[in-house]
Amino acid sequence: MISVALEPRGGALVARVTLDNPRKLNIFTRAALAALVETMREVEANDRVRAVVITGAGDKAFVGGAELEALGSLDASSARAFIGLVHDACAAMRDCPLPVIARINGWCLGAGLEIAACCDLRIASSTAAFGMPEVRLGIPSVVEAAMLPRLVGTGRARWLVMTGETIGAAEALVWGLVEKIFDAKDLDSGVNSALDAILAGEPAAIRAQKRLCNLWEEAPLYESIEVSIDAFAKSYEQGEPNRRVAAFRAARKKK
C-alpha cells in the first residue's frame with residue numbers, strides 16, 4: 001500500500017513516498033493510514049534524508065479519499081477511532097521535521113486533501129481536481145480540514161466543505177490551495193525544481209524554518225516573533241551562517 005524510494009539528490013537523499021493502490025484511486029484504508037504513519041517515522045529517522053515527496057501511484061489520483069466500505073461500516077465508537085487514524089496520518093506530514101511536498105497527480109479528495117493541506121508545498125498536475133465531499137455522505141469534514149481556512153480563507157473553505165463540489169487545478173492555484181501547477185508531462189520537473197531549491201538551503205536552517213512556519217500558523221503574533229528571535233540566535237551556535245555568508249561574499253567578488 002505504501003512504497004518508499006530513497007533517491008540521491010544534491011549530495012543527500014530524497015524520500016519518495018507513494019500511496020500504491022491505483023486501481024482504487026489510492027484510497028485510504030485503515031491499514032494504509034497506519035502504514036503511512038509508520039513510513040513517515042522511518043523516513044525522518046534517516047539522517048541522510050533532507051526532503052520528502054508524497055504522491056499517489058498512477059496518473060488518476062493522489063488520494064481518492066477514505067475507503068467507502070470502511071465509512072459505511074462505522075458506528076459512533078468506531079468512527080472516532082477511524083478518524084483518529086486520519087488525523088495521525090495528517091499529523092505525520094505536519095510534524096515531520098523535513099519539508100514535505102505533495103505531488104498531486106489527479107483526484108485529491110476528502111482525507112487526501114487533508115493530507116495535502118498538511119504538507120509544506122503542494123505541486124499539482126493541471127488535470128488534478130480537489131474536493132471535500134463528506135457532507136454528501138452524511139458526515140462533516142473534520143480533523144485537518146481545519147487547515148483549509150488557513151490556506152484559502154474562510155469563505156472558500158466553507159464552499160469546499162459545505163457544497164462538496166470539486167474544483168480544478170487552475171482554480172486551486174488562484175485560491176492558494178496549491179503553490180504550482182504543471183502539465184502532467186512536466187509535473188516531475190516542477191517537483192524536482194522545488195526539491196533543488198530546498199536542498200540548496202542549509203539542513204538545520206530548513207528544519208528550523210519548518211518549525212517556525214508551523215508555529216506561525218498556530219501561535220499569537222508576538223509569541224511567534226519571540227520564538228523566531230531565539231531561532232535566529234541559535235542558528236549561529238555552530239557558525240554555519242558565518243561560513244555561508246563568507247562564501248557568498250567571496251563568490252560575489254569574483255563576478
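Biologist: Which residues are buried in H3?

Modeller: This is a predicted model, and H3 covers residues 76-95. In H3, the buried residues are Phe 82, Val 86, Ala 89, Cys 90, Ala 91, Ala 92, Met 93 and Arg 94.

Biologist: What covers the buried residues of H3?

Modeller: Helices and strands both contribute. The strands include E3 (49-56) and E5 (100-104). The helices include H1 (30-44), H2 (68-72), H4 and H9.

Biologist: How far apart are the end C-alpha atoms of helix H3?

Modeller: Start from the count. Helix H3 has 20 residues, and a rise of 1.5 Å a residue applies. The expected span counts one less than the number of residues. The end C-alpha atoms agree with that expected span, at 28 Å.

Biologist: At the start of H3, which residue's side-chain oxygen reaches the backbone nitrogen of Ser 77?

Modeller: The backbone nitrogen of Ser 77 has a side-chain oxygen within 3.1 Å, at the start of H3. That oxygen belongs to Asp 75.

Biologist: How far apart are the end C-alpha atoms of helix H8?

Modeller: Helix H8 runs over residues 187-199, which makes 13 residues. At 1.5 Å a residue, the expected span agrees with the distance between its end C-alpha atoms. That distance is 18 Å.

Biologist: Which residues of H8 are buried?

Modeller: Buried means under 20% relative accessible area. In H8 that gives Leu 187, Gly 190, Val 191, Asn 192, Ala 194, Leu 195, Ile 198 and Leu 199.

Biologist: How many disulfides does the structure hold?

Modeller: A disulfide is a covalent bond between the sulfur atoms of two cysteines. Take Cys 118, buried at 3% relative accessible area. Its closest cysteine sulfur, in Cys 90, is 4.5 Å away, which is too far for a bond. The number of disulfides in the structure is zero.

Biologist: Which residue has the nearest cysteine sulfur to Cys 213?

Modeller: Cys 213 is partly exposed, with a relative accessible area of 32%. Cys 213 is in no disulfide, and the nearest cysteine sulfur is 14 Å away. That sulfur belongs to Cys 96.

Biologist: How many salt bridges does a search of the whole structure find?

Modeller: A salt bridge needs a side-chain nitrogen of Lys or Arg within 4 Å of a carboxyl oxygen of Asp or Glu. Glu 7 and Arg 9 form one, with closest N and O atoms 3.4 Å apart. The search of the whole structure finds 13.

Biologist: How many residues apart in sequence are the parts that Asp 120 and Lys 210 tie together?

Modeller: Asp 120 and Lys 210 form a salt bridge, with closest N and O atoms 2.9 Å apart. Asp 120 lies in the loop between helix H4 (111-117) and strand E7 (121-125), and Lys 210 lies in helix H9 (residues 203-218), so the distance in sequence between the parts they tie together is 90 residues.

Biologist: Is Lys 210 buried or exposed?

Modeller: Its partner Asp 120 has 27% relative accessibility and counts as partly exposed. Lys 210 has 6% relative accessibility, so Lys 210 counts as buried.

Biologist: What separates Asp 230 and Lys 234 in helix H10?

Modeller: Asp 230 and Lys 234 form a salt bridge, with closest N and O atoms 3.4 Å apart. Asp 230 is partly exposed at 40% relative accessible area, and Lys 234 is partly exposed at 48%. Both sit in helix H10 (residues 221-234), four residues apart, so the separation is about one helical turn.

Biologist: Which residues do salt bridges that share partners join into one network?

Modeller: Glu 7 is partly exposed at 22% relative accessible area. Arg 9 is partly exposed too, at 21%. Salt bridges that share partners join a network of Glu 7, Arg 9, Arg 16 and Asp 196.

Biologist: Which side chain of opposite charge is nearest to Glu 134?

Modeller: Glu 134 sits in the loop between strand E8 (129-131) and helix H5 (148-152). Glu 134 is buried, yet has no salt bridge. Leaving aside neighbours within four places in sequence, its contacts include Gly 110, Glu 114 and Pro 140. The nearest side chain of opposite charge is 9.4 Å away, in Arg 136.

Biologist: How far apart in space are Phe 130 and Gly 164, C-alpha to C-alpha?

Modeller: Phe 130 is found in strand E8. Phe 130 is buried, with a relative accessible area of 1%. Phe 130 and Gly 164 are 34 residues apart in sequence, and C-alpha to C-alpha their distance in space is 9.9 Å.

Biologist: Leaving aside neighbours within four places in sequence, which residues is Ser 224 in contact with?

Modeller: Ser 224 is found in helix H10. Ser 224 is buried, with a relative accessible area of 4%. Beyond four places in sequence, its contacts are Leu 215, Trp 216 and Ala 219.

Conventions: Residues are numbered from 1 along each chain as its sequence is written. This is a predicted model: local features need pLDDT of at least 70, side-chain atom pairs count only at pLDDT 80 or more; totals for chains, interfaces and linings use all residues. Side-chain values use heavy atoms; hydrogens and water are left out. Helices (H or I, at least four residues) and strands (E, at least two) are DSSP runs, numbered from the N terminus. Buried means under 20% relative accessible area, exposed over 50%, partly exposed in between (1.4 Å probe, protein chains only). Lys and Arg count as positive and Asp and Glu as negative; His and the chain ends are not counted. Contact means heavy atoms within 4.5 Å. A polar contact is a pair of N or O atoms within 3.5 Å; within protein, one must be able to donate a hydrogen and the other to accept it, and residues adjacent in sequence count only if both atoms are side-chain atoms. A disulfide is a pair of cysteine sulfur atoms within 2.5 Å.
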